[in-house]
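Ready for a walk through a structure with your viewer open? Keep the selection tool at hand, and we will go from stop to stop together.

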Amino acid sequence: METCFDFNKCKLGFKVFIYPIQERVSETYSKILRTIQNSIYYTSDPEQACVFILSIDTLDRDTLSKDYAKDIQSKLDQLSLWNNGKNHIVLNLYSGTWPNYIESLDFDIGEAMIAKASLSVFKFRPGFDISFPLFAKELPEIGGERAYVYNSINNIPPFREYLLGFKGKRYLTGIGSETRNSLYHIHNKEDIILLTTCRHGKNWQKKARELNDTRCKVDNEEYDKYDYKKLLYNATFCLVPRGRRLGSFREALQAGCIPVLLSNGWELPFSEVIDWSKAAVWGDERLLFQVPSIVRSLSVPEILALKQQTQFLWETYFSSIEKIVNTVLQIVKDRVNKHLARSLAVWNNFPGALSVLQEYSTSKSHPTPCTKWPGNLGVPVLVKTRNIKSISDRFQAFPDVQTDAVFSLDEDALITTDEIDFAFGVWREFPDRIVGYPAREHFYDTTKNRWSYTSTYSNEYSMILTGAAVYHRYYNYLYTNSLSTVYTQIVDQSQNCEDILMNFLVSHVTKQPPIKVTHRKIYKESMLGSSGRTRTSFSLDQQHFSQRQACLAHFVQLFGYMPLIRSKVRMDPVLFKDPVSNLRKKFRQIEVI
Amino acid sequence: MFSQTNCEDISDPKHLFLRSENSKTLELTTSSPGASPRDTRCTYHTCFDVYHCGYNDKTRISVYIYPVNQYVDQAGNAVTLPVSKEFYEMLEAIADSPYYTNDPDMACLLVPSVDLLNQNSIRLREVGQILASLPWWNNGNNHLLFNMLPGGSPDYSTVLEVDTGKAVIAGGGFSTWSYRRTFDVSIPIFNPLIQPDKMPQKSYLEKRTYLLISSQTSLHKEYRDVLHEIEKQEPRFLFIQKCPTDERTWNFSRRCKENVAYDYPQILQDSTFCLVVRGARIGQPALFDVMSAGCIPVIVADGYILPFSEVLDWKRIAVTVLEEELENLIQILESYSQEKIYELRQQVTFIWQKYFSSPKAIALTTLRIINDRVFPYAGKSYEEWNDMPNTKTIKNPLFLPLRPPSAQGFTAVILTYDRLESLFKVIHSVAKVPSLAKVVVVWNNQKKSPPPMTSWPDIGKPLKFVKTRKNKMSNRFFPYDEIQTECILALDDDIVMLTADELEFAYEVWREFPDRLVGFPSRVHLLDNTTNKWKYESEWTNDISMVLTGAAFYHKYFSYLYTHAMPVELKTWVDEHMNCEDIAMNFLMSNVTGKAAIKVTPRKKFKCPECVNTEMLSSDLGHMIERSDCINQFTRIYQSMPLKSIEFRADPVLYKDDFPDVLKKYKDIGML
C-alpha cells in the first residue's frame, strides 16, 4: 500500500472518480458504477480524486464468457490518468477458465489494487488487494434478501434437522477434486449429509470410466435424494469445500447455515476487516476426518453466536451490491486515513462499520448513555443563528452538542419537564432508538400500489415525529455525513420530510422501531396537528400531507426496502394512571391535563 | 543487546535438556551440509505438517525442545555463543508450559536450542549447518526459530538471514515483503534494559506534560529534520536524543535535549504519545520501551508487521502514521479525544503486560498463536485476545435484533403440584389467548399421578404434560423437548386474573423485546443505607427491576441457560430453599443481557382477586427477609449486582386514551 499508492492524492478527502463510460459494460458492472456514483465519496473531478475506478468491465475475465471485454490492455494504455494503475481499484469476479482457472488477470494491472473474488492466500497482497465476495448476477443493487433467520421460526436453540450438509459437483480430477472426492467417507445418511455428483460437463460418464471411478452411480443416487435448498436451510453447519471457484459460501451465509470451511489457502471475503472465526468454522482439507468431531464439539452458546453472526454479516456487508461496494470503499478509506481507521470490534459487532462513522468509532459497540443530561437548571443555552439553507439543518452535527442525548424540539412544542425527564429515562434504556411523543405509521397502499404515510390514530406506529424527540447525537452525524445528496435533495426540495428520513435512517441502522412515550393528551390536536407538525397552518395543508406520502414512497425506493418497523407498545411511567395518590408518583405532571 | 549467560550461571536448571552435563560437544566441518534456503512461498497450508499435531481432546499442540549442545569447528573453537538469558527464559517457559513434550516423535513443533535472537551474534553459515544437522530437522518442517533482531549492516534484512528451509520464524522485524502470512509469527523485540520496578505505573487518567516525545537515538537525518521543524512550532513536543557526552559510551538511561538531560525511560511517562520511527531496522526496541511506560506509541514504519498482529488489534493500541505524513503528526494527534486517549493508554499497558513484558510472555504468546492455527475452532476469540478481563463487557447472547414471527405463538408452561381445580381454570383462561400454540403442564408431584388424559379440559390446542422426577422449583425453567416455540409463558397454576387481552399484548411486547423477561407484577431491589445490604421491595414504587415469573414471557434460550449455564451454587440455593427461582431468572437474564425486565400493564397482582397480596402484608416479614436474603446471596455469587432499575412499563399505544374502545386493540386491560 505504501509503495504503490499515492497518498498525496487523498489530502482533499476520500473521493472516488469513475472514468466516463464509453463502451458497453455488463449489467452487474453498471450497477456497481451507479452505486459509487450515488455514494457520498463520488466526485466527477479527477483532480479531486483519491481513488479511481475503471469504466471498462473487468469483472469477468473468463474468455468463454459473454461479458468478456476484449483488448483491455490497449484501452488501459490510452487512459491518460491510468498512471500505471496507481490509486486504481480493479474489480474482478472471475478469472481464468476451464480447465485451469488461473488466478491472474490477462492484462497488466500495474500498481492497481485488485478487488477480486476467490483469491488465494498466496496471491493476495495483504493491506493492498481486497478479497471480494463472489456474487451472482441476481444480487440486487440495493436492499437485498433478508437473512433467513429474520423470517423463519424456531431459530433458537440453534439446532436444525441435519448437523452438516453439502450438495455439489465433484470433478473427478483437477482443482478441488481431491477433497470433494473423499466427502463420501464422512457422509452418514443420518445427520451428516454430504452429496456429490459426477455429472459435470457432457462427457462425465466417459471420464469416470477412464479414471476407473466406481462411486459415481452410488453418489448420484444419494445426490438425487435431497433437495439443495432444503438441505441448506435444514442444516446447522454447511460444508464449504474448495470448488473450482468459491460460491456456496455466500448461500450458506444467507441461510444462517454456519460455514465449515474446507478450502485451504482461500482468502476469505473482506478478510482484512471481518473476523470470520466469529461466523465460520475452519476445517483443514488435510484433516477431513476430523470435521464431524469438530462440529460436534461446539457448544450451544457457541453455535448460537456463530449463527447470529452469519446473519449479521450477510445483512451488513453482503446482501446487496451497494453493501459490497461500500465495504470495499470503506476498507480503502480506513487504509488512507490510517489513524482514523476503525477497530475490528466496530466492524464485527452489530450494527457494523457501514453505519458507524469514523468519528464515532471510539465506543466499542453501542453508544453508551450518559447521565449528564438534562440538568434542569444552569444549562448553557447556545443559539445558532446561521444561514439556514435547508430544513435538514436541524440534524446538523453541531460540535457544541457534547452530550450523547439530543433533544430535538420545535420552537413551539409545549412539553413539561416531567415529560422530558421521563422520555430521557426511557431513552437511557434504549440509547440507539428515537424516543418521542407523537407517532406516525406507514402502510402499504394497495390502491396506489406503493408505501404510504398516515397520521390516523391506531394501535401501532413506526415513526416518531422529531418535533419532540430524544435520540443519540450520533444519528445527527449519520444524517449529515452518511446520506448522499440523493436523499437530502428530496428533503430540500419539499422543505419537508426530514423527520421521516431520520426515522428511516435510524430503523435502517438498528432494525428496530422507535419508542413512543406517553404525553399529555391535551396537546395532541393543537400542538401537533393532523400531520404532526407544530406549524398549524402549515400542517393543515393537504399538499403538505401528500408531500409526506410521496417522500415516504421515494425513500423506500432509495433504501431498496422498507426499513420501518411497527411497534404496538407505548412506554408509560410505572404508576401511570394507577389508583394511588398522585404524591407517590414521580412523573405526576404527565397525568395532569 | 542480549546478555550472554554461561550455563554455569544458571542456578539449578530444572530441565534435563538445559543441564550442562547433558550437553554434548559436536564438531562441524567445513563440508557439513547446510540447510536449504528459507522457502519464501510457505503458507500454513503448504509447509506446516498438521499430521504430526494430531487431534486430541485438549486441542493443544505439543512442543519438543532440542538439548543444548556445544558446537565447535575443526579447530576446536566454539561456533556459537552461550545461550542468552532471554533465550534461556523462553526455552524454560516452553518447558514449563502444558505444550511441552520430551518425545520428539510425538511433537507437533520442535524448537532448536540454538540462540538466534540477535543475528549479529551468530555465524550465519555455521548456524545453517547446525540446523541441518539436527536429527529431526527434515528441511525445517514444523521447526520454530525465535529471532528478535534480524539482518545486519548495511542493508539490514527484515528477516533472519540464516538458511532455514521450511521452518517457522518468530521474528521481530518483519515487513510485508518478508513476512509469510499464516506461517511466520511477528514478535516484539524484548528490551532487557527496561526494569519495570524502577518505573512506577502511572494511572491512565493522569495528565501528562507533553503531547509527544521522540526519544530514539539513531534517527535517519530526513526524519530528524522534519522533527526539528515540528519542535520549533510545537512546545508540547519534546525531542530528545543521545546526550553529547555519551557520544562514545552508550548510556541507555539518559537522553538529552541540547544540554538538558532526562532520565530514560522514565521521561516517557510524561507524554501522551511517544514516537517510534523506523531506523536502520524496521522493528524498533523503542516500541517495547514506550509501551512499558504506558505511553501510546505513534508508529511510523511503513510496511512493518506489528508484533502479534495476527491476533492483536493495533488500532486499539497505537496510532499508525504513514512515513510521508510525519509532518502532519501534531494535527493527527490532536484529533484524538481524551476518551480515546484513555482507552488507548489502558490498552497499551494491558497488552504490554500480558503479551510483551517478559521472554516467557513472548514465547507463550507465540505458541498460542500457532496452537490456534492448528485448532482454529478452539482458538481464542478476538475479545479474549484484546479485551481487558476486568472490564465487564456484556455480550448479549441474543445480539441480533430478531423479532420472532407472530405466527409461531408461545407455549404456556404451567407448573403444578396437585391443585387440579385451579389448574384447569388457568388452562381454560390461557386457551382464550389467540397466540397460544401449546400448553405444557409440568407435573411436579411424584406421589400422585396426573389424572387420565380424558379428564383434561379440551381447549382445541395441543396439551402435553411432563412428570418430573423430583419436586424442584427449577423444573419450571427446564427446556423440555415438548416446547417447540421460542417463546415460553411461565405460568403458575393459580394465576386466574389475567385476561386474554393482557396475555396477548404481553406476548406482542415480548416479540419486540425477545431478550427480556416480560411480566406483570414487578418488584425492585433497593440498597439499605444502614446495613449496606440489598433489600427486596414489593411496595408500589416508581421503579422496577424484576418481574414475577408466576406469569412471564421469556425466550426458550434462557431455559437452556438456567438449566445448563447458571452457577451451580445459585441453582442449589433455589432448590434447597424452594424459593426465589424467579429472582434467579431475573438475575440470570439481566446478567447475560445487561438489560432490565419489562413490566406490562398496571397489574399489581394476578392470583385470586379476593385474596390480599401476601408480599404486601407486613405480617409476612419472614417471606420478605428470605427474598432479600436471596438477592444478597445471588449478588455475592455473581460478584456484582446485575439487576437494572427502570422507571417505565409497557402499555398498549392507546391505553387510557380518550378514544372509543372499539378502535382499541387491547381493551380488556385490568387495573390492579
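Start by selecting A:Asp572 and B:Arg649: A:Asp572 stands opposite B:Arg649, which belongs to β25(B). Now widen the selection to residues 569-573 of chain A, which are strand β21, and to β25(B): the two strands pair in the antiparallel sense over five bridges. Strands here (E, at least two residues) and helices (H or I, at least four) are DSSP runs, numbered from the N terminus. Two strands count as paired if DSSP finds at least two bridges between them.

A word on what you are looking at: this is a predicted model, in which local features need pLDDT of at least 70 and side-chain atom pairs count only at pLDDT 80 or more, while totals for chains, interfaces and linings use all residues. Residues are numbered from 1 along each chain as its sequence is written, and chains are lettered from A and ligands numbered from 1 in the order in which they are written.

**Where the chains touch**

Stay at this meeting place and show both chains. The contact takes 70 residues from chain B and 70 residues from chain A; two residues are in contact if their C-beta atoms, placed from the backbone, lie within 7 Å. On the side of chain B that touches chain A, the elements giving two or more residues are β14 (319-320), α7 (338-356), α11 (500-512), α12 (556-564) and β25 (648-652) of chain B. Which of them gives the largest share? Look back at β25(B), with five residues. Colour this side of chain B by residue type and you get 32 nonpolar, 14 polar and 24 charged residues. In this scheme Ala, Val, Leu, Ile, Met, Phe, Trp, Tyr, Cys and Pro are nonpolar, Asp, Glu, Lys and Arg are charged, and the others, Gly among them, are polar.

Before leaving, select A:Lys577, in the segment after β21 of chain A. A:Lys577 has a positive phi of about 55° although it is not a glycine. Is A:Lys577 buried or partly exposed? A:Lys577 counts as partly exposed, with 16 C-beta neighbours inside 10 Å. The rule is that a residue is buried if 20 or more other C-beta atoms lie within 10 Å of its own, exposed if 12 or fewer, and partly exposed in between, with C-beta atoms placed from the backbone.

**All of chain B**

Zoom out and show chain B alone. Chain B has 15 helices and 25 strands, and its C-alpha trace spans about 105 × 65 × 45 Å along its principal axes. Try colouring domain 1 (7-186), domain 2 (196-356) and domain 3 (406-638); such bounds come from an automatic or database domain assignment. The centres of domain 2 and domain 3 of chain B are 57 Å apart, taken over C-alpha atoms.

**Sheets in chain B**

Next, pick out the open sheet of seven strands, in the order β17-β16-β15-β18-β23-β19-β24 (chain B), with mixed pairing. Its edge strands, each pairing on one side only, are β17 (463-467) and β24 (598-599) of chain B. Within the sheet, select 487-492 (β18) and 551-555 (β23) of chain B: these strands run antiparallel and are joined by five bridges. B:Cys487 has B:His555 in β23(B) as its bridge partner.

Now show a second open sheet, with three strands in the order β5-β6-β7 (chain B) and parallel pairing. Here B:Gly171 stands opposite B:Ser186 in β7(B). In the loop between β5 and β6 of chain B, find B:Pro154. A cis peptide bond, with omega about 0°, joins B:Ser153 and B:Pro154.

**Two loop residues to compare**

Select B:Leu193, in the loop between β7 (185-186) and β8 (210-214) of chain B. B:Leu193 is partly exposed, with 13 other C-beta atoms within 10 Å. Then go to B:Phe308, in the loop between β13 (296-300) and β14 of chain B. B:Phe308 counts as buried, with 22 C-beta neighbours inside 10 Å, and has a positive phi of about 55° although it is not a glycine.

**Last stop: chain A**

Finish by selecting residues 192-197 of chain A, strand β10: five of its six residues are buried, so the strand is largely enclosed by the rest of the structure. Strand β9 (residues 162-169) of chain A pairs with β10(A) in the parallel sense over six bridges. A:Lys169 has A:Thr197 in β10(A) as its bridge partner.
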